[in-house]
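Okay, thanks everyone for squeezing me in. I'll put the model up on the screen and walk you through a few parts of it.

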Amino acid sequence: MEMIQIVGLGFIVAILTLVLKEHKPLFAFLLVAITGIYIFLFLLGKISAVIDVLEQLSAQTNINVMFLKTVLKIIGIAYIAEFGAQIVRDSGLESVASKIELAGKVLIMVMAIPIISVIIETVVKLLPA
């Protein structure tokens, strides 16, 4: 049911944006940006529920919480970078959107270094000397 509401909101905003774009392009962009932020904030509650479940599973399986937090931060960076790039792309600035996506990818790589190093250390330990 929530997805139907989100899609309905999207259709309404799309129609209003098409009407506003001809006369007031700035208002059309603001409408799109505010709608995107509203949908993102609506989804934060759902995301926090998923994070709670993952934290419970990691506690039950004795997974290092640092790894879980790092993976969640990486996922957050990916979502935020994609969201920001889409908003900027909607305003017609494709080159800036590409730079936002590049920054997200670089930050993800930086965040993944501790996990990659642990994986490499584990593989090296498994190899015969």
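So, the buried residues of H1 pack against H2. Keep in mind that this is a predicted model. Which residues of H1 are buried? They're Ile-6, Val-13 and Thr-17. As for H1 itself, it has 22 residues and runs 32 Å from its first C-alpha to its last, close to the 32 Å you'd expect at 1.5 Å a residue.

Let me stop at Thr-17, which sits in that helix, H1. Is Thr-17 buried or exposed? With a relative accessible area of 9%, Thr-17 counts as buried, because the cut-off for buried is under 20%. And what is Thr-17 in contact with, once you leave aside its neighbours within four places in sequence? That would be Ala-28, Leu-31 and Val-32.

Okay, over to H2, residues 25–60. It has 36 residues and reaches 52 Å from first C-alpha to last, close to the 52 Å expected at 1.5 Å a residue. There's a kink in H2, though, of about 30°, and it's centred on Leu-44. Hang on to Leu-44, since we'll meet it again in a minute.

The buried residues in H2 include Ala-28, Ala-33, Thr-35, Gly-36 and Ser-58. You've already heard Ala-28 mentioned as one of the contacts of Thr-17. What covers the buried residues of H2? Helix H1 (2–23) is part of the cover, and so is helix H3 (65–90). Following H2 you get Asn-62, and its phi is positive, near 60°.

Last stop, the largest pocket. How much space lies in it? About 250 Å³. The elements that give two or more residues to its lining are H2 and H3. H2 gives the most, with six residues.

Here's who lines the largest pocket: Phe-40, Leu-44, Ile-47, Val-50, Ile-51, Leu-54, Leu-72, Ile-75, Gly-76, Tyr-79 and Ile-80. So there's Leu-44 again, in the pocket lining and at the centre of the H2 kink.

What kinds of residues are these? The lining divides into 10 nonpolar, one polar and no charged. If you're wondering about the polar one, Gly counts as polar here, so that's Gly-76.

To recap, then: H1 packs its buried residues against H2, H2 has its kink at Leu-44, and H2 also gives the most to the lining of the largest pocket. That's me done, thanks.

How values were computed. Residues numbered from 1 in each chain as written. Predicted model: local features only at pLDDT ≥ 70, side-chain atom pairs only at ≥ 80, totals over all residues. Heavy atoms only, no water. Helix = DSSP H or I, 4+ residues; strand = E, 2+ residues; numbered from the N terminus. Expected span 1.5 Å × (residues − 1). Bend = angle between axes of the 7 residues up to and from the residue. Buried < 20%, exposed > 50% of the residue type's maximum accessible area, 1.4 Å probe, protein only. Contact = heavy atoms within 4.5 Å. 1 Å grid on protein atoms, 1.4 Å probe; cavity = no way out; pocket = protein on both sides within 12 Å on 5 of 7 lines; lining within 4 Å. Points joined across faces, edges and corners; volume = space filled by probe spheres on them.
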